[in-house]
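Trainee: I've just been handed this one and I'm new to it. Can we walk through it together?

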Amino acid sequence: MTSATAPSKKSNNRFLRNFLPIPARWSLPMDVRPPNFELYDVTEERIVRLSSYWEQQQPVILAFTRIFSEKRFCPLCYPHIVALNEQYEKFTEQGAEVLMITSTDRRQSQQIVQDLGLKLPLLCNPSCDVFQGYACGQALGAPLPAQFVLDRGGYLRSQHLFSFLEPNASIERLLAALALGETEKSTSTDSPETN
């Protein structure tokens, strides 16, 4: 193995920290704001703060994905990454942002953006603390995938955690959850207030 392809010490530590299986847990209550975070977006080269989206009244899809390194993708997640990238405009046309979150480090994430031609923001979380805060679970060296749909106010409207039957929520399911969240939000804000 050459030094160009040898895993870094940080990658090995991340692998060991995530080796033992921890199942995903349904721990986030619906209709509340999930944990806020700040992560580096390698696509746009900026820091992203989740709460800035609800401050701007913009819905968000959080797509936690499983990537081992810049050249090793989870076979269950790779098609989902490609599909999200290909269908990115369907989300932005609805006014939503898709934030893909990976446990790879900044250098590895930059290579992923370049190799896959990613249009959507790719946020790197090599410490995996955000994955843990969202109870995504882990197994065999990497956190498990999960998807969360937040409405304009930042409130959780839908969540999908990994299972072998459905590793990732389909694009159609995410778009439907996004539309439903917006319908529910507009219905609740259109109803007359009581004093």
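Trainee: Let's start with L140. Which loop does L140 lie in?

Mentor: Keep in mind that we're looking at a predicted model. Strand 8 covers 138–139 and strand 9 covers 142–143. L140 is in the loop between strand 8 and strand 9.

Trainee: Is L140 buried or exposed?

Mentor: The cut-off for exposed is over 50% relative accessible area. L140 has 52%, so it counts as exposed.

Trainee: And how big is the nonpolar surface patch made by F19, L20 and L140?

Mentor: We just saw L140 at a relative accessible area of 52%. Together with F19 and L20, L140 makes a nonpolar patch on the surface. The area of that patch is about 320 Å².

Trainee: Now the sheet. In what order do the seven strands of the open sheet come?

Mentor: The sheet is open and its pairing is mixed. Strand 2 (46–49) and strand 11 (156–161) each have a single partner strand, so they stand at the edges, with one side of each left without a neighbour in the sheet. From one strand to the next, the twist averages 30°. The order is 2-1-7-6-3-10-11.

Trainee: At one edge, which residue in strand 11 is the bridge partner of Q147?

Mentor: Strand 10 (residues 146–150) pairs with strand 11 in the antiparallel sense, over five bridges. In strand 11, the partner of Q147 is H160.

Trainee: What about the other edge: which residue in strand 2 is the bridge partner of E38?

Mentor: Strand 1 and strand 2 are antiparallel too, with four bridges between them. Their hairpin has four residues between the strands, and E45 there takes a positive phi near 55°. The bridge partner of E38 is R49.

Trainee: Which helix packs on the sheet, touching strand 1, strand 6 and strand 7?

Mentor: Look at strand 1 (38–41), strand 6 (97–102) and strand 7 (122–124). The helix that touches them makes an angle of about 165° with the direction of strand 7. It spans residues 106–116 and is helix 5.

Trainee: Which residue forms a salt bridge with R46?

Mentor: R46 is partly exposed, with a relative accessible area of 32%. Its partner is buried at 0% and stands opposite L123 in strand 7. The closest N and O atoms of the pair are 3.2 Å apart, and the partner is D41.

Trainee: How many residues apart in sequence are the parts tied together by R107 and E70?

Mentor: R107 forms a salt bridge with E70, with the closest N and O atoms 3.3 Å apart. R107 lies in helix 5 and E70 in the loop between strand 4 (67–69) and strand 5 (72–73), so the pair ties together parts separated in sequence by 37 residues.

Trainee: And which residue's side chain meets K119 in a salt bridge?

Mentor: K119 sits in the loop between helix 5 and strand 7, while its partner is in helix 4 (residues 88–92). The partner is partly exposed, with a relative accessible area of 34%. The N to O distance is 3.2 Å, and the partner is E89.

Trainee: Last one: how far apart in space are Y78 and I67, C-alpha to C-alpha?

Mentor: Y78 is in helix 3 (residues 78–86), and at 35% relative accessibility it counts as partly exposed. Y78 and I67 are eleven residues apart in sequence. In space, the distance is 8.2 Å.

Notes
Residues are numbered from 1 along each chain as its sequence is written. This is a predicted model: local features need pLDDT of at least 70, side-chain atom pairs count only at pLDDT 80 or more; totals for chains, interfaces and linings use all residues. Side-chain values use heavy atoms; hydrogens and water are left out. Two strands pair if DSSP finds at least two bridges between them. Helices (H or I, at least four residues) and strands (E, at least two) are DSSP runs, numbered from the N terminus. Axes are lines fitted to C-alpha atoms, for helices over the stretch in contact, and angles run from 0 to 180 degrees between N-to-C directions. Contact means heavy atoms within 4.5 Å. Patches are made of residues with over 30% relative accessible area and no salt bridge: like charges are joined within 9 Å, nonpolar side chains (Val, Leu, Ile, Met, Phe, Trp, Tyr) within 5 Å. Accessible areas come from the Shrake-Rupley method with a 1.4 Å probe; for residues, only the protein chains shown count as cover. A salt bridge is a side-chain nitrogen of Lys or Arg within 4 Å of a carboxyl oxygen of Asp or Glu. Buried means under 20% relative accessible area, exposed over 50%, partly exposed in between (1.4 Å probe, protein chains only).
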